[in-house]
Amino acid sequence: MKITIIAGSNRENATSTMLCRYMARVLEEMGCSVNLFELYHHPLPLYAPKVECADPNVRHLERIVKEADGVILATPDYHGSLSGVLKNALDYLGFDHFDGKIVLSASSSGGAVGVSPLTHLQTVVRNVHGINCPEWISIGGEFRRFTPEGEPEHEKTKERIARALQYFLRMVQTFAK
Ligand SMILES: Cc1cc2nc3c(=O)[nH]c(=O)nc-3n(C[C@H](O)[C@H](O)[C@H](O)COP(=O)(O)O)c2cc1C
């Protein structure tokens, strides 16, 4: 299965990005081919409707989301919502990229759980005709700490991620075109 992960932070080594890198490794161990797109390393211009955009990062993002069987979106919790850079990236995408695909949402919050950015992400997914995975991943508070090797410090976080990814992958396999 081809999985594309979009890391929606504009901060180097953000915890939401560490989470994406860890998920990429776990998915590869599960036999997936993974494309990880980090918005910090591949910044996109501000979306402007009806303006043809030849930016190579935008073209690359469009291609890897279109080719994916399943997509993971990860965001830091900014004021109870998704980051501006992730929303900007999603504005370049639409039905052509998401229709009928399973999408897993993930967030990193200062507080314990980031329900509100996850539900906001799921609203965007519904509007681009993606299928929201009923499982989601929220890392918050001390549960968003990673070791220098990029592993979640807490065993419970690892277990949660493993369970959500297994569920996500089963759905991707069921719905893959
Ligand atoms: C602009 C801004 C707004 C934030 N708003 C919230 C918030 O509403 N709720 C919360 O729990 N944490 C909030 N935080 C804290 C971040 O969600 C938290 O530090 C998170 O782990 C950042 O993710 P990152 O490591 O991927 O950058 C905010 C941080 C920033 C910079």
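Which residue's side chain does H129 join in a polar contact of 3.4 Å? It's D99: the two side chains meet in that contact. The legends below start from the whole fold, move to the ligand, and come back to H129. Keep in mind that this is a predicted model.

**View 1. The whole protein, with six helices and six strands.** Going along the sequence, the elements come in the order β-α-β-α-β-α-α-β-α-β-β-α. The radius of gyration is 15 Å, close to the 16 Å that the globule rule gives for 177 residues, so the protein is as compact as a globular protein of that length. If you'd rather think in box dimensions, the C-alpha trace spans about 45 × 35 × 25 Å along its principal axes.

**View 2. Inside and outside of the fold.** Of the 177 residues, 49% are buried. The chain also reaches across itself a good deal: take the contacts between residues at least 6 apart in sequence, and 76% of them join residues at least 24 apart. On the outside, the protein exposes about 8,600 Å², with carbon and sulfur atoms supplying 52% of that area.

**View 3. The ligand and the 15 residues that surround it.** The closest ones are R11, T15, S16, D77 and R144. Sorted by class, the shell holds nine polar residues, three charged ones and three nonpolar ones.

**View 4. Oxygen atoms of the ligand up against R11, T15 and G111.** R11 puts a polar side-chain atom 2.6 Å from a ligand oxygen. T15 does likewise with a polar side-chain atom, here at 2.5 Å from an oxygen atom of the ligand. With G111 the backbone does the job: one of its polar backbone atoms is 2.8 Å from a ligand oxygen. On its own the ligand would expose 640 Å², and the protein buries 68% of that. As for which elements give two or more residues to this shell, they are α1 (15-29) and β4 (102-109).

**View 5. H129 in its loop between α5 (115-127) and β5 (131-132).** Is H129 buried, partly exposed or exposed? Its relative accessible area is 39%, so H129 counts as partly exposed, since that class runs between the 20% and 50% limits. Leaving aside residues up to four places away in sequence, H129 touches F95, F98, D99, G100 and K101. D99 is the partner in the 3.4 Å side-chain contact from the opening question.

**View 6. H129 and E149, C-alpha to C-alpha.** These two sit 20 residues apart in sequence, and in space their C-alpha atoms are 36 Å apart.

Key. Residues are numbered from 1 along each chain as its sequence is written. This is a predicted model: local features need pLDDT of at least 70, side-chain atom pairs count only at pLDDT 80 or more; totals for chains, interfaces and linings use all residues. Side-chain values use heavy atoms; hydrogens and water are left out. A residue is near a molecule or strand if one of its heavy atoms lies within 4 Å of it. A polar contact is a pair of N or O atoms within 3.5 Å; within protein, one must be able to donate a hydrogen and the other to accept it, and residues adjacent in sequence count only if both atoms are side-chain atoms. Accessible areas come from the Shrake-Rupley method with a 1.4 Å probe; for residues, only the protein chains shown count as cover. Helices (H or I, at least four residues) and strands (E, at least two) are DSSP runs, numbered from the N terminus. Ala, Val, Leu, Ile, Met, Phe, Trp, Tyr, Cys and Pro count as nonpolar, Asp, Glu, Lys and Arg as charged, and the others, Gly among them, as polar. Buried means under 20% relative accessible area, exposed over 50%, partly exposed in between (1.4 Å probe, protein chains only). Contact means heavy atoms within 4.5 Å. The radius of gyration is taken over C-alpha atoms; the globule rule is 2.2 Å times the number of residues to the power 0.38.
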